[in-house]
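Trainee: Could you take me through the salt bridges in this model, slowly and pair by pair? I would like to see where the partners sit and how open they are to solvent.

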Amino acid sequence: VGAAVLERLGERVLARVDERHRTAPLEPGQSLQALRASLDALPAVADAVVARLAAAGALAVDGALVRRAGWAPRPTDAQRDVAVRAEARIAGLGLEPPSVAELTAELGPDVPALLALAERAG
């Protein structure tokens, strides 16, 4: 594979990871499998490009996820408020907490992603 092809593929990788961060800002990164599938390149070539970008410090690979180096999900102030309200609602009902669907209906569409973020944080 030529150097110019690898360079363009690297630009596409970064663009796709950036797009994932923009469209799913509460998710921990881009699925490596989905990234590979979106590139229309041999998996070994895609993996080599991702490894090269990671070695250069542009990307971080955490298991099956790829993210920009230094990037982490950061909820907005409004999303943090929703998370606090969801936590209070869950804690207030003891052994029969509301379902995700009930919380989503009550607090808004960010609830599932916020709960996943809280779960990943422990």
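Mentor: Happy to; here is a walk through three of the pairs. Keep in mind that this is a predicted model. The structure holds 8 salt bridges in total. As background, side chains of opposite charge can pair when their charged atoms come close.

Let's start with R68 and D18, whose side chains meet in a salt bridge with an N to O distance of 2.8 Å. R68 belongs to strand β3 (residues 65-68) while D18 belongs to helix α1 (residues 3-23), so this pair ties together parts that are 50 residues apart in sequence. R68 is partly exposed, at a relative accessible area of 25%, and D18 is also partly exposed, at 33%.

Now stay with helix α1, where E19 and R22 are 3 residues apart, or about one helical turn. Their side chains form a salt bridge at 2.7 Å, N to O. R22 counts as exposed because its relative accessibility is 57% and the cut-off for exposed is over 50%. E19, with a relative accessible area of 36%, is partly exposed.

Finally, move along to helix α4 (residues 77-92), which holds both R85 and D81. These two are 4 residues apart, about one turn of the helix, and they form a salt bridge in which the closest N and O atoms are 3.6 Å apart. That pair qualifies because a salt bridge here needs the nitrogen within 4 Å of the carboxyl oxygen. R85 is partly exposed at 41% relative accessibility, and D81 is partly exposed at 39%.

How values were computed
Residues numbered from 1 in each chain as written. Predicted model: local features only at pLDDT ≥ 70, side-chain atom pairs only at ≥ 80, totals over all residues. Heavy atoms only, no water. Buried < 20%, exposed > 50% of the residue type's maximum accessible area, 1.4 Å probe, protein only.
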